[in-house]
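Student: I would like to go through this structure step by step. Could we take it as a set of short questions?

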Amino acid sequence: MWGYQLSSGYQAGVDLTGYKVEATDGHIGKVDRHSEDVGAGYIVVDTGMWIFGKHVLLPAGTITLIDTPNQTVQVGRTKAEIKDSPEFNEEKHLADPDYHEQIGTYYGIAGMH
């Protein structure tokens, strides 16, 4: 869940910040930040006005394709799944070891619909 899929086209060292993010059913925002830490990869998506400025944390495993020339990241989740996800919480992200597990569980379950 927290590792980039080999088929995604992920390249270590490429800064994804600012890339457009596309769900399976349309645009959801842009990458605000990302991590390429082994076993803890993620992107934080700024959804802008789509869901009133909410930021969401997406595990790297949800990314299906990184299109570097077009600066686009495609994720294998619907807009509804992302909209209903837990909001990104900076404090928990840094200090709560269960936070990533909760997010991973949400997206693991959401991906099985």
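The questions below go from model confidence to the sheet, then to single residues and ring pairs.

Student: What is the average pLDDT of the protein?
Tutor: This is a predicted model, and pLDDT is the predictor's confidence in each residue, from 0 to 100. Of the residues, 95% score at least 70. The average pLDDT over the protein is 90.

Student: In which element is confidence lowest, and in which is it highest?
Tutor: The low end is helix α3, residues 97-110, with a mean of 85. The high end has a mean of 98 and covers residues 72-75, which is strand β6.

Student: In what order do the strands of the open sheet lie?
Tutor: The sheet is made of 6 strands, and its pairing is mixed. At its edges stand β4 and β5 (63-67), each with a single partner strand, so one side of each has no neighbour in the sheet. On average, neighbouring strands are turned by 35° against each other, direction ignored. The order is β4-β3-β2-β1-β6-β5.

Student: How many residues join β1 to β2 in the hairpin?
Tutor: Strand β1 (residues 20-23) and strand β2 (residues 26-35) run antiparallel and are joined by 4 bridges. Within this pairing, Val-21 of the one strand faces Gly-29 in β2. The hairpin connection consists of 2 residues.

Student: Which residue in the turn between β2 and β3 has a positive phi?
Tutor: β2 and β3 pair in the antiparallel sense over 5 bridges. Two positions show the pairing: His-34 has Ile-43 in β3 as its bridge partner, and Lys-30 stands opposite Asp-46 in β3. The two strands form a hairpin with 6 residues between them. The turn residue with a positive phi, about 75°, is Gly-39.

Student: What is the bridge partner of Ile-43 in β4?
Tutor: β3 and β4 run antiparallel, with 5 bridges joining them. Ile-43, which is also the partner of His-34, has a bridge partner in β4 as well. That partner is Leu-58.

Student: How many of the 5 residues of β4 are buried?
Tutor: β4 stands at an edge of the sheet with a single partner strand, so one side of it lacks a neighbour there. Even so, β4 is largely enclosed by the rest of the structure, because its count of buried residues is 4 of the 5.

Student: Is Thr-47 buried or exposed?
Tutor: Thr-47 is in the loop between β3 (42-46) and β4 (55-59). Not counting residues up to four places away in sequence, Thr-47 touches Ile-28, Gly-29, Gly-53, Lys-54 and Val-56. Its relative accessibility is 4%, and the cut-off for buried is under 20%, so Thr-47 is buried.

Student: Which backbone oxygen does the side chain of Thr-47 reach?
Tutor: Lys-54 is among the residues that Thr-47 touches. The side chain of Thr-47 comes to 2.6 Å from a backbone oxygen, that of Lys-54.

Student: Which residues is Thr-68 in contact with, leaving aside its neighbours within four places in sequence?
Tutor: Thr-68 is in the loop between β5 and β6 and is partly exposed, with a relative accessible area of 28%. Thr-68 and Tyr-19 are 49 residues apart in sequence, while their C-alpha atoms are 8.5 Å apart. The contacts are Gln-11, Val-14 and Tyr-19.

Student: What separates the C-alpha atoms of Pro-69 and Tyr-10?
Tutor: Pro-69 also lies in the loop between β5 and β6. Pro-69 is exposed, with a relative accessible area of 75%. Pro-69 and Tyr-10 are 59 residues apart along the chain, and their C-alpha atoms are separated by 12 Å.

Student: Is the pair of Tyr-4 and Tyr-10 stacked or edge-to-face?
Tutor: A search of the whole structure finds 2 aromatic pairs. In the pair of Tyr-4 and Tyr-10, the ring centres are 3.8 Å apart and the planes are at 5°. Tyr-4 is buried at 17% relative accessible area, whereas Tyr-10 is partly exposed at 21%. Planes under 30 degrees apart count as stacked, so this pair is stacked.

Student: How are the rings of Tyr-106 and Tyr-107 arranged, stacked or edge-to-face?
Tutor: Their ring centres are 5.0 Å apart, with the planes at 85°. Tyr-106 is partly exposed at 22% relative accessibility, and Tyr-107 is buried at 0%. Planes over 60 degrees apart count as edge-to-face, so the arrangement is edge-to-face.

How values were computed
Residues numbered from 1 in each chain as written. Predicted model: local features only at pLDDT ≥ 70, side-chain atom pairs only at ≥ 80, totals over all residues. Heavy atoms only, no water. Buried < 20%, exposed > 50% of the residue type's maximum accessible area, 1.4 Å probe, protein only. Polar contact = N/O pair within 3.5 Å; in protein donor to acceptor, adjacent residues only side chain to side chain. Contact = heavy atoms within 4.5 Å. Phe/Tyr/Trp six-rings, centres within 6.5 Å; stacked < 30°, edge-to-face > 60°. Pairing = 2+ DSSP bridges. Axes fitted to C-alpha atoms, helices over the stretch in contact; angles between N-to-C directions.
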